[in-house]
Amino acid sequence: MSVNLLSHPLVATKLSELRDKRTHSSRFRSLIKEISTLLAIEASRDLQTKDIPNLESPIASYTGKELAHRIGVSPILRAGIGMTEALLDLFPSASVHYLGLFREAVSLQPVEYYQKLPTTPNVDTLYLLDPLVATGGTAMAAISMLLDWGLKIENIKLLSILGSKPGLEKVSQAYPGLEIYVGGIDEVLSEKGLVVPGLGDSGDRLFATIV
């Protein structure tokens, strides 16, 4: 699989707390943002820069750097919202393209309900934000939307807090060349399409809508 698993003690400890059902939604949101920051830093290592000449520090002139890529962020609604702020902290000028998808309860198939992409792509590198990859269906539907928009698979990087091994394998096999960055991988996917032990419904836990 073209999956980059973050092997870092901070990710491991934050993910452990994130899984805990006692973790309050306010803390859950903070943890999602913190892990997202670490994922984004790792996923942006290969971004190209270009020179900015004739800048002045308090001491002397220098040649600075800026990103050569136009950056885009696509959170999958609604849970992807929790990852968005972390990406915008790192890429303040990034364009944000929300993708509305939900998983139908019986068929477990993704259903599209919202997208407002520009007529033509306005990004060179796009970070697709999906906190939890379970069956992989939602991520695959989002990638299909972005490819139909005109992006190439090498322009897209999928960032996920946690994924199931079967789901990540499915996405990787469907889209060779896609780069995936994930904070943790669980081996088991239940018959109902739930990641085990997982972290529950990330949208409900983010926004305190658990009944």
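Which strand holds Phe102? Phe102 sits in strand β6, which spans residues 99-103. This model is predicted.

## A nonpolar surface patch

Phe102 is partly exposed, at 41% relative accessible area. Phe102 belongs to a nonpolar patch on the surface. Its partners in the patch are Ile81, Tyr98, Tyr113, Tyr114 and Phe207. Together these residues offer about 560 Å² of accessible area.

## Helix α1 and its two faces

Helix α1 covers residues 9-19. Its buried residues are Val11, Lys14, Leu15 and Leu18. These four lie on the same side of α1, because they cover an arc of only 100° around the axis. The spacing follows a rule: an α-helix has 3.6 residues a turn, so residues three or four places apart point the same way.

What covers the buried residues of α1? The cover includes α2 (25-43), β11 (162-164) and α6. The face turned away from the buried side carries the exposed residues Pro9 and Thr13.

Lys14 has another role in the picture. Lys14, Glu17, Arg27 and Glu34 are linked in a network of salt bridges.

## A hairpin

Strands β2 and β3 form a hairpin, with four residues between them. Strand β3 runs over residues 61-67, and its pairing with β2 is antiparallel, over six bridges. One of the links joins Asp51 to Lys65, its bridge partner in β3.

Asn54 lies in β2, which spans residues 49-56. The phi of Asn54 is near 60°, a positive value in a residue other than glycine. Is Asn54 buried or exposed? Asn54 counts as exposed, because its relative accessibility is 71% and the cut-off for exposed is over 50%.

## Salt bridges across the chain

How many salt bridges does the structure hold? It holds 14. One of them joins the side chains of Asp89 and Lys33, at 3.1 Å from N to O. This pair links distant parts of the chain: Asp89 is in helix α3, Lys33 is in helix α2, and they are 56 residues apart. Asp89 is partly exposed at 49% relative accessible area. Lys33 is also partly exposed, at 26%.

Lys157 forms a salt bridge with Asp46. Their closest N and O atoms are 2.6 Å apart. Lys157 lies in strand β10 (residues 156-160) and Asp46 in the loop between α2 and β2, so the bridge ties together parts that are 111 residues apart in sequence. Lys157 is buried, with a relative accessible area of 5%, whereas Asp46 is partly exposed at 43%.

Arg70 and Asp124 meet in a salt bridge too, at 3.2 Å from N to O. Arg70 is in the loop between β3 and β4, Asp124 is in the loop between β7 (110-115) and β8 (125-129), and the two are 54 residues apart. Arg70 is partly exposed at 44% relative accessible area. Asp124 is partly exposed at 27%.

## Backbone details

Which residues does a cis peptide bond join? One such bond joins Leu77 and Arg78, with omega about 0°. Arg78 is in the loop between β4 (71-77) and α3 (81-90). Another cis peptide bond joins Val196 and Pro197, again with omega about 0°. Pro197 is in the loop between β15 (195-196) and α6 (202-207).

Ala208 lies in the segment after α6. The phi of Ala208 is near 55°, a positive value in a residue other than glycine. Ala208 is exposed, at 55% relative accessible area.

Note on methods. Residues numbered from 1 in each chain as written. Predicted model: local features only at pLDDT ≥ 70, side-chain atom pairs only at ≥ 80, totals over all residues. Heavy atoms only, no water. Patch = residues over 30% accessible without salt bridge, like charges linked within 9 Å, V, L, I, M, F, W, Y side chains within 5 Å. Areas by Shrake-Rupley, 256 points an atom, 1.4 Å probe, with all protein chains shown as cover. Salt bridge = Lys/Arg side-chain N within 4 Å of Asp/Glu carboxyl O. Buried < 20%, exposed > 50% of the residue type's maximum accessible area, 1.4 Å probe, protein only. Arc of directions from axis to C-beta. Contact = heavy atoms within 4.5 Å. Pairing = 2+ DSSP bridges.
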